[in-house]
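Subject: The structure we spoke about

Hello,

I am handing over the structure below, and after it you will find my notes on what turned up in it. Please read them with the model open beside you.

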Amino acid sequence: MPERKTRFYAGGFYHVFDRGNNKGPIFFEDRDYERFLEKVSEYKETYSAEILAYCFLFNHFHFLVRQTTEMPINRFFGTLLNSHARYTGIKHGTIGHVFQGRFKAKLIEEEASVFQVSRYIHLNPIKERLLTSGLKRRRTGKRSLSLLLKQTLREYPWSSYPTYLNPKAGNEAAETGFILNSFGSPAKYRRFVEADLALPDIEQLSQTS
């Protein structure tokens, strides 16, 4: 297997993502998402990975993660994805590889880009819930569309976005402090994520995963 070009170091921020083999599903039912999230919470403590944002879709996932020690985050993701692959094979009888090759990791070199990646990750439920349901073919007013998109983001259960909107009711996986402290409040972060939310956001997502 070729050596990774991305180097992992303490303090580094990374956008990590992968999808199902041949774009197939990696989650088949709610319990699969739940277990994956439980393992994220468990293994991030073992491997000292700080999860700033995440979103799990039926055939792919995204993480924004910071490596906090010299232990490279690929150990965290290797354990997490191997565990999920074994679980999926046993429970759902999947044959062959669950994921499409080795997970991808991109180093984020500028702090401002960390915020943009968090926005991109938190916008992903739009594609799964709306683009695939034919929203683009509906005659929907601009205001109604914007409200529908925002409601989808705020209610999607397999994303860290709801935790950002209400940190007191958060979960054990997402750590919101770095980003929310930079914005000053959940309301200001919400306005950043949902600013000018429209169909171009959907188009961008449909081309990148």
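**Helix H1 and what follows it**

Helix H1 has 17 residues, and from its first C-alpha to its last it reaches 25 Å, which is close to the 24 Å expected at 1.5 Å a residue. Please keep in mind throughout that this is a predicted model. Among the residues of H1 that are buried are Tyr 33, Phe 36, Leu 37, Val 40 and Tyr 43, and the buried ones also include Asp 32, Arg 35, Lys 39 and Lys 44.

After H1 comes Ser 48, whose phi is positive, near 55°, although Ser 48 is not a glycine. Ser 48 is found in the loop between H1 and strand E2, which covers 49-57, and with a relative accessible area of 26% it is partly exposed, because that class lies between the 20% limit for buried and the 50% limit for exposed.

On the other side of H1, in the loop between strand E1 (13-19) and helix H1 (30-46), Asn 22 also has a positive phi, near 55°, in a residue other than glycine. Is Asn 22 buried or exposed? At 67% relative accessibility, Asn 22 counts as exposed.

**The chain as a whole**

The secondary structure of the protein chain comes to nine helices and four strands, and read along the sequence these follow the pattern β-α-β-β-α-β-α-α-α-α-α-α-α. Of the 209 residues in the chain, 48% count as buried. The accessible surface comes to about 10900 Å², and carbon and sulfur atoms hold 48% of that surface. If we take the contacts in the chain with a separation of 6 or more, residues 24 or more positions apart account for 76% of them.

**Helix H3 and Ser 118**

Helix H3 (residues 111-123) can be checked with a short calculation: at 1.5 Å a residue its 13 residues should span 18 Å, and its end C-alpha atoms are 19 Å apart, which agrees. The buried residues of H3 include Val 114, Phe 115, Val 117, Tyr 120, Ile 121 and Leu 123, and Ser 118, Arg 119 and His 122 are buried as well.

Ser 118, whose place is in helix H3, is worth selecting in your viewer. Its relative accessibility is 0%, so Ser 118 counts as buried. Which residues is Ser 118 in contact with, leaving aside its neighbours within four places in sequence? They are Leu 64, Ile 179, Tyr 189 and Phe 192. You may also like to look at Ser 160, which is 42 residues from Ser 118 in sequence, while the two are 9.6 Å apart in space, C-alpha to C-alpha.

**The largest pocket**

The largest pocket has a volume of about 300 Å³. Of the 13 residues that line this pocket, the closest to its centre are Asn 82, Phe 99, Gly 101, Arg 102 and Phe 103. Which helix gives the most to the lining of the largest pocket? It is helix H2 (residues 73-92), with five residues. Sorted by class, the lining has seven nonpolar, four polar and two charged residues.

When you go through the model yourself, I suggest taking the topics in the order used here.

With best wishes

Conventions. Residues numbered from 1 in each chain as written. Predicted model: local features only at pLDDT ≥ 70, side-chain atom pairs only at ≥ 80, totals over all residues. Heavy atoms only, no water. 1 Å grid on protein atoms, 1.4 Å probe; cavity = no way out; pocket = protein on both sides within 12 Å on 5 of 7 lines; lining within 4 Å. Points joined across faces, edges and corners; volume = space filled by probe spheres on them. Helix = DSSP H or I, 4+ residues; strand = E, 2+ residues; numbered from the N terminus. Nonpolar A, V, L, I, M, F, W, Y, C, P; charged D, E, K, R; others polar. Expected span 1.5 Å × (residues − 1). Buried < 20%, exposed > 50% of the residue type's maximum accessible area, 1.4 Å probe, protein only. Contact = heavy atoms within 4.5 Å. Areas by Shrake-Rupley, 256 points an atom, 1.4 Å probe, with all protein chains shown as cover.
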